[in-house]
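Student: I've got a protein model open and I'm not sure how to read it. Can we go through a few features together?

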Amino acid sequence: MNITTLIETLFRKYLPSPFTIAVLLSLFTLVMAFFFTGNFGDHNHLITILKYWEQGIWNSGLLVFAYQMMLILVLGHILVLSRPMSMFINKLVSSISNAGNAVVLVSFSTLLVSFFNWGLGLIFGAIMARKVGEHAQKNEIPINYPLIGACGYVGLMVWHGGISGSAPLKVAEKGHLSQLMQGLKSPVDNQIPKFISTGETIFSVSNLIIFVVLLWLVPMVFYRINKTVKPTEIYLEAYQTKHKKEAKASGSEKLDRSRILSLIFGVLILLASFFQYKGQLTNLTITPNFLNIFMLGLGVIMHRNFNEFLNALEEAIKGTSGILIQFPLYFGIMGVMSSSGMVGDLSAFFVSVSNEVTLPIFTFFSAGIVNIFVPSGGGQWAVQGPIIIESAMKLGVPLPKAVMALAYGDQLTNMLQPFWALPLLGITKLKAKEILPYTLLIMMVGMCVYIIGLLIF
């Protein structure tokens, strides 16, 4: 039995559903906070921990963030279901003749799209994996469908170092670093820069080299894995919105099916988005709000009318059900870890055993661990960022390097944490335990690349 088969067998046998994982992580976090934070002898300590949990669940800022993320997924999904995007994806998929070029095409294209935007990349990868499965089924091409699904998820391993990365974009905002450190009374407060440009983080030579290496290496590893696995049976129906010929519209239905009205509205949305966010766009800063309003306008235009757009919406919104109920659970975990000081303790431990060379490596590992409990790049930066900034300045580590170390660690363990795979699982009809054996292997490859990159640059 090879390592791929062994891991696949273990995951299939012992890994529960993503919702169960979220529940278990919640209970584990509550227990850890109760025993290792605060005054254990205080009988009110448990009540305090539960309050932190409840406050985290209903954190208004995080709930806004959750809605933004759900919109990114839904609107990206709607875009991919439009006729032009469906034609483009079908054109790509039609070139596949065997399992080897299938895994290379899906993983390469997903990595590329995800570097520009994680939400669009996640949905694009999911649809690509589904379409490849349908194409293989129709043309009797033997493939391992769970492996294809893993290829469609791998973009979440590069997103935080890309253009939509939370930490690099936040530190590029003037005054963010000072605001982040406010109230901590740090001795390095007067040395904090006003901002760190994306030219030093996302578009730095080191980050681009690391991304290019992964863009080449990951598809090649998937290609080799493909040679060691057996084809699977596929039972899929055609995944698309129903672009069927409709009866002639009458009365108010004419507005629902008006191409002119949808085109005018879509163009107005795009104009509003560019005028509102043109200053940020010139600095290559893409915020969730801009992305959502842009995709809304583009989605309305790319679907022929409102009726077609709403049909796509009905299909797309199904993929958010898991996120809708699981996001608050992870916000509760975040509330406990942040308010109880667990994140600070974890980061402080790594800092205590670090020096100028090893701090980025320990930051990388601590970010990876925290991401398993708090799968939100922006939320993780808010609670872990101050410690990273202060420790980096004390030890003389360049701040851009420290920020990217966190970004690399956060994105890497997405290959182990199945939370963001929920939309992909819904679209592909796969289970987390089916794709995780392969994403785990890719995580090990990515770990080597990121560690070497942090040591060299």
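Tutor: Sure! Start with a ruler for helices: the expected span of a helix is 1.5 Å times one less than its number of residues. Keep in mind that this model is predicted.

Student: How many residues does helix α6 have, and how far does it reach?

Tutor: Helix α6 covers residues 99–116, which is 18 residues. From first C-alpha to last it reaches 27 Å, close to the expected 26 Å.

Student: What sits at the start of α6?

Tutor: Look at Asn 98 there: one of its side-chain oxygens comes to within 3.0 Å of the backbone nitrogen of Gly 100.

Student: Which residues of α6 are buried?

Tutor: Buried means under 20% relative accessible area. In α6 the buried ones include Ala 99, Val 103, Leu 111 and Phe 115. Among the elements covering the buried residues are α5, α7, α8 and α11.

Student: What about empty space inside?

Tutor: Rolling a probe the size of a water molecule over the atoms shows where empty space is left. Here the count is 4 cavities of 30 Å³ or more. The second largest holds about 60 Å³, and its lining includes Phe 115, Tyr 408 and Tyr 450.

Student: Which helix gives the most to that lining?

Tutor: That's α11, with 4 residues. Both α11 and α20 supply at least two each.

Student: How many disulfides are there?

Tutor: A disulfide needs two cysteine sulfur atoms within 2.5 Å, and the count here is 0.

Key:
Residues are numbered from 1 along each chain as its sequence is written. This is a predicted model: local features need pLDDT of at least 70, side-chain atom pairs count only at pLDDT 80 or more; totals for chains, interfaces and linings use all residues. Side-chain values use heavy atoms; hydrogens and water are left out. Buried means under 20% relative accessible area, exposed over 50%, partly exposed in between (1.4 Å probe, protein chains only). Contact means heavy atoms within 4.5 Å. A polar contact is a pair of N or O atoms within 3.5 Å; within protein, one must be able to donate a hydrogen and the other to accept it, and residues adjacent in sequence count only if both atoms are side-chain atoms. On a 1 Å grid over the protein atoms alone, a cavity is a set of points where a 1.4 Å probe fits but cannot get out, and a pocket is an open set with protein on both sides within 12 Å along at least five of seven lines; lining residues have an atom within 4 Å of a point. Grid points are joined across faces, edges and corners, and a volume is the space filled by probe spheres set on the points.
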